[in-house]
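Let's take a walk through this model together, beginning with a pair of packed helices and working outward. Keep the viewer open as you read.

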Amino acid sequence: MARTVWDSSVGKKTVMAVSGLIMLLYLVVHMIGNLKIFFGAGEFNHYAHWLRTIGEPFMHYEWTLWLIRVVLVVAVVAHAVSAYQLSRRDIRARPSKYVHRKPKVTYATRTMRWGGIILGLFIVWHILDLTTGTVHSGGFQPGHPYQNVVDTFSTWYGDVIYIVAMLALGLHVRHGFWSAAQTLGAGSRTRDRALKTVANVLALLLTAGFIAVPVGVMTGVVS
Amino acid sequence: MKLTLRVWRQRDADAEGAMSPYEVDGISSDMSFLEMLDVLNEQLILAGEDPVAFDHDCREGICGACSLVINGDAHGPERTTTCQLHMRSFKDGDTIDIEPWRAAAFPVIKDLVVDRSAFDRIIQAGGYITAPTGAAPEAHATPVPKPDADFAFEHAECIGCGACVAACPNGAAMLFTSAKVNHLNVLPQGAPERETRVLDMVAQMDEEGFGGCTLAGECATACPKGIPLVSITSMNKEWLRATRKVAKR
């Protein structure tokens, strides 16, 4: 069955839909967690520490966190590999363009591919910046996420990278959520408007919720 | 009407093609688009030139043979087939670009004619029922609920012209394949092969080198028969159901 799914273009889209929904669920949780930054360093740092102790005493320190990380890495890789293979197929299937170019709205296809690449690069930067601290501006302090976040968003490039990526995220989720529903066969004529509304609301809430943090730092609400 | 046409000319499958300009005069706005091309071809034959090759058959909008991309739109600016498009949709002095369907799975044979036998092979993979047929059976012998009959008929309207493939930025045949799958899968006559039909037809579609669906929606906009985009969603659902069922066997 796994073979059938992976070998088929419809099956590979299913892989994209499921992995996308897993990442989307994570993003909602992540966004809500981020908002704790508006309640001060104490609450934010406490929340960050709690993430490492989820499931204790059944789980050892950081086990749950690592479990989530593994699931996310699998989802990101599955999503990206399917996207790459499907895009290759799509480009091969349409080798010559029409001479008459319409100002065509291939919005979905184009922003999904470019947006996906932007988001992939962003994830790498984001982890190197705020998880490992490898490319962090100033002194990265493990265990002090509040200060680290403030440091990042005190640089102009930190703000630019983050805000551009979050706008790309909004567009990606907007088409992606609705598409995932179609791929999984959950769409229908009567449900179409509801699905589109949910996609738009999700995209808007996620983008606004994430961008609130750098805006908070820039305006001095968070310092 | 006096028009400038820019037509894709390609001697054969292996030759390089290019857009060639032609002038046509005395076109009536009541002519169909194909009649306008007939005028051009008469003109070319009289001048001793090779007429433009294009597919056409019924000229009634029901056979699916005509296949032109007109100014970047499959079947032109109206939601109908090229044969049912009339010159009143254009203005005197217009320049009109005429190109063949573009997709790797639809190679150009000559000028505006493409090879659409990939569609036939998708049908051969499962777009039929194997029940023996004879004379038309008594209509009440197999009851079909009205909503199912309507759903089947809506998809049975597909004439297999390939406009969906031509319009799709990925050269995908999802709308065509979904129309054919849904048409039979919802009916009791199609039930015995419900799973193998969708699995085999999708596999053949992939095999032919069509692209995948990114839900851009261009296919449903171009379809002269109004097959809706949600048809693809229904096929995805059928495919997932069939994959689960077959795995359990």
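A good place to start is in chain B, where helix 6 of chain B meets helix 8 of chain B: B:E195, B:V198, B:L199 and B:V202 come from helix 6, and B:M235, B:E238, B:W239, B:A242, B:K245 and B:V246 come from helix 8. Sorted by character, the residues of this contact are seven nonpolar, no polar and three charged. Please bear in mind that you are looking at a predicted model.

How do these two helices lie against each other? Two packed helices are described by the angle between their axes and the distance between the axes. Here, the axes of helix 6 of chain B and helix 8 of chain B cross at roughly 110° and come within 8 Å. Because angles of 65 to 115 degrees count as roughly perpendicular, helix 6 of chain B is roughly perpendicular to helix 8 of chain B. The crossing in which helix 6 of chain B passes helix 8 of chain B is left-handed.

Now turn to the meeting of the two chains. Chain B puts 34 residues into the contact, and chain A puts in 34 residues. On the side of chain B that touches chain A, the elements giving two or more residues are strand 5 (95-99), helix 6 (194-207) and helix 8 (230-248) of chain B. Which of them gives the most? That is helix 8 of chain B, with nine residues. Taken by character, this side of chain B has 18 nonpolar, eleven polar and five charged residues.

Over in chain A, there is another helix pair to look at. Helix 2 of chain A (residues 9-34) packs against helix 7 of chain A (residues 156-183) with the axes 9 Å apart and at an angle of about 130°. That angle makes helix 2 of chain A oblique to helix 7 of chain A. Helix 2 of chain A also passes helix 7 of chain A in a left-handed crossing. From helix 2 of chain A, the contact draws on A:K13, A:T14, A:A17, A:G20, A:L21 and A:L24, while helix 7 of chain A brings A:V173, A:G176, A:F177, A:A180 and A:T183. These residues divide into six nonpolar, four polar and one charged.

Finally, a word on confidence. Where pLDDT is low, the predicted coordinates should not be read in detail. For chain B, the mean pLDDT is 96, and 100% of its residues reach 70 or more. For the complex, the predictor gives an ipTM of 0.92 and a pTM of 0.94.

How values were computed. Residues numbered from 1 in each chain as written. Chains lettered and ligands numbered in written order. Predicted model: local features only at pLDDT ≥ 70, side-chain atom pairs only at ≥ 80, totals over all residues. Contact = placed C-beta atoms within 7 Å. Helix = DSSP H or I, 4+ residues; strand = E, 2+ residues; numbered from the N terminus. Nonpolar A, V, L, I, M, F, W, Y, C, P; charged D, E, K, R; others polar. Axes fitted to C-alpha atoms, helices over the stretch in contact; angles between N-to-C directions. Parallel < 35°, antiparallel > 145°, perpendicular 65-115°, else oblique. Left-handed = near helix turned anticlockwise from the far one by under 90°. pLDDT = per-residue confidence, 0-100.
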